[in-house]
Amino acid sequence: MPDIVNHTFENMSTAQPHYDVIIAGAGPVGLFLACELALERCAVLVLEQAADPDSPLKRMPFGLRGLSAPSIGALHRRGLLDALDLHQRMKNPFVGPSSPGAKRPAGHFAGLVFHHEDIDMSQWPDQPDGLPASLLSEMAELETVLARRACELGVTIRRGAAIAGFDQEPDRVTVHAGDETFVGGWLVGCDGARSIVRKAGGFDFAGTEPEFTGYTFSAELSGAAALKPGRNVTARGMYLQSQPGFIVLQAFDGGAFHDAGLPVTREHLQDVLRRISGSDVTIETLHLATTWTDRARQATAYRNGRVLLAGDAAHIHSPLGGQGLNLGLGDALNLGWKLAATVQGRASEGLLDTYQAERHPLGARVLDWSRAQVALMRPDPGARALRAIVGDLMATRDGATYVAGRVWGLGTAAVRIA
Ligand SMILES: Cc1cc2nc3c(=O)[nH]c(=O)nc-3n(C[C@H](O)[C@H](O)[C@H](O)COP(=O)(O)OP(=O)(O)OC[C@H]3O[C@@H](n4cnc5c(N)ncnc54)[C@H](O)[C@@H]3O)c2cc1C
């Protein structure tokens, strides 16, 4: 293996520090990728637009995220899983109640719950001993753990540095953030759904438009006893009260409310909640609210010269079934060692392009998984009839095992690492 050249702070013609890789975004994907690259002794700079990493939307219950088997395995192998101690204490509130003697909910597809007792785990003999196939994590905790590890490994994280654009030359990328410029050999856009790197890099972002606006909010309610437990698909949308005063809604408005960027008021949420649930529940005080959609788009290419995309910057879809974070962590795992080998001149020809070849089809599969769920949740008689049939199939051993395998990412060999 040739000597590894660490280019940090080497004076180039620009007289600026030169990093092997600049990463846009200190979300979970950017931070995990930074750790992977730093483990391979790359000099890494992460530029993050937010000055403060903390946000109530990253903390419980808003920041709750399901981790699938490949993510759990990867975090375990990197010695990071034990640092995530919140998951030990959490029960999944998104899959509905479990009463004594009843089957234990394991997850959902389009709001239809599948159960542990129906799943044939012998299908996945490779699942490492002692590691669960799914866990819950909190975004704030996950990012804290990853940022701490990245710093231990020598990664530089600059917060309050919003990337506005970049210039690409044959041997480098110059990144502009505020009044400053940063020079790197490569740039990876991990800057989320509205990625500047994707837009400035001219990446095509192809896909489908939303069918609904999703709402997640916490509030003081009166008359909440009228709301049924669990995830309820009604003739007008979906509502879920996963814990007292914490509500998720889907209103089939073509994504209009979310896309209009209007403030989410107590009055608006109450109207939507009453319409969907058919109850006269009252929102007394609104604490915190956020909206999202089922827009499903994917970059047609993950690489343009020295610029690459990973995570939500490369693909977006509805959070139904909790796959986006796992998909992004898988991107980082796949890309990290390949980009490091390329930086260090030890990659075989075409190695870096296997990133797109391997990850793009998995991303497309997840987008279709989320689209299929939306199709089953549409408030129309055809979808209702189809839901009943899919629900019956999911109650069978083969059906539950198939859905669990997809939701938990079991058998997805391409995202595993040695
Ligand atoms: C309600 C909800 C529930 C979800 N549940 C799950 C789940 O259970 N399981 C799951 O796998 N996924 C889930 N997801 C999806 C998951 O949260 C995302 O896929 C994941 O956060 C993507 O990580 P990321 O690092 O790619 O992007 P982000 O988390 O969006 O991070 C991007 C970072 O880039 C920064 N940034 C943006 N622009 C710039 C710029 N110009 N310059 C510098 N920095 C910039 C941002 O500030 C941010 O810190 C859910 C999503 C939602 C909305």
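**Exercise 1. Meeting the ligand**

An oxygen atom of the ligand comes to 2.6 Å from an N or O atom in the side chain of E48. Starting from that contact in this predicted model, describe the surroundings of the ligand: which residues are closest, and how much of the ligand does the protein bury?

*Solution.*

Step 1. Look for further short distances. For L325, a polar backbone atom is 2.8 Å from an oxygen atom of the ligand. For I163, a backbone N or O atom lies 2.9 Å from a nitrogen atom of the ligand. The cut-off for a polar contact is 3.5 Å, so the distances of 2.6 Å at E48, 2.8 Å at L325 and 2.9 Å at I163 fit within it.

Step 2. Turn to the area. On its own the ligand exposes 1000 Å², and the protein buries 81% of that.

Step 3. Widen the view to the whole shell. The ligand is surrounded by 25 residues, and the closest are E48, R65, G66, D312 and L325.

Step 4. Sort the shell by type. It holds 11 nonpolar, 10 polar and four charged residues.

**Exercise 2. Where the shell comes from**

Find the helices and strands that each supply at least two residues of the shell around the ligand. Which of them gives the largest share?

*Solution.*

Step 1. Go along the chain. Helix α1 (28-39) and strand β2 (44-48) each supply at least two residues, and so do β3 (64-68) and α7 (324-343).

Step 2. Pick out the largest share. Three residues of the shell come from α7, and that is the largest share.

**Exercise 3. Two salt bridges of helix α3**

Helix α3 covers residues 139-152. Find the partners of E143 and R149. Is E143 buried or exposed?

*Solution.*

Step 1. Begin with E143. Its salt bridge is with K58, and the closest N and O atoms are 2.8 Å apart. This pair links distant parts of the chain: E143 is in helix α3, while K58 is in the loop between β2 and β3, 85 residues apart.

Step 2. Check the accessibility. E143 counts as buried because its relative accessibility is 8%, and the limit for buried is under 20%.

Step 3. Move on to R149. It forms a salt bridge with E152, with 3.3 Å between the closest N and O atoms. R149 and E152 are three residues apart in helix α3, so about one helical turn separates them.

Step 4. Compare with the limits again. R149 is partly exposed, at a relative accessible area of 25%, whereas E152 counts as exposed, at 55%.

**Exercise 4. A salt-bridge network**

D259 and R295 meet in a salt bridge. Where in the chain do the two residues sit, and which residues are linked with them in a network?

*Solution.*

Step 1. Note the distance. From N to O, the side chains of D259 and R295 are 2.6 Å apart.

Step 2. Place the partners. D259 belongs to helix α5 (residues 256-260), and R295 to the loop between β16 (282-293) and β17 (296-299); the pair, 36 residues apart, links distant parts of the chain.

Step 3. Add the accessibility. D259 counts as partly exposed at 41%, and R295 counts as buried at 18%.

Step 4. Extend the picture. A network of salt bridges links E209, D259, R295 and R297. The count of salt bridges in the model comes to 18.

**Exercise 5. Unusual backbone spots**

Look at the backbone of R41, A110 and the M60–P61 bond. What is phi at R41 and at A110, and what is omega at the M60–P61 bond?

*Solution.*

Step 1. Recall the background. Most residues other than glycine have a negative phi, and most peptide bonds are trans.

Step 2. Read the phi values. R41 has a positive phi near 65°, and A110 has a positive phi near 55°.

Step 3. Place both residues. R41 is in the loop between α1 and β2 and counts as exposed at 54% relative accessibility. A110 is in the loop between β4 (105-109) and β5 (112-115) and is buried, with a relative accessible area of 0%.

Step 4. Read the peptide bond. M60 and P61 are joined by a cis peptide bond with omega about -5°. P61 is in the loop between β2 and β3.

Key. Residues are numbered from 1 along each chain as its sequence is written. This is a predicted model: local features need pLDDT of at least 70, side-chain atom pairs count only at pLDDT 80 or more; totals for chains, interfaces and linings use all residues. Side-chain values use heavy atoms; hydrogens and water are left out. A residue is near a molecule or strand if one of its heavy atoms lies within 4 Å of it. A polar contact is a pair of N or O atoms within 3.5 Å; within protein, one must be able to donate a hydrogen and the other to accept it, and residues adjacent in sequence count only if both atoms are side-chain atoms. Accessible areas come from the Shrake-Rupley method with a 1.4 Å probe; for residues, only the protein chains shown count as cover. Helices (H or I, at least four residues) and strands (E, at least two) are DSSP runs, numbered from the N terminus. Ala, Val, Leu, Ile, Met, Phe, Trp, Tyr, Cys and Pro count as nonpolar, Asp, Glu, Lys and Arg as charged, and the others, Gly among them, as polar. A salt bridge is a side-chain nitrogen of Lys or Arg within 4 Å of a carboxyl oxygen of Asp or Glu. Buried means under 20% relative accessible area, exposed over 50%, partly exposed in between (1.4 Å probe, protein chains only).
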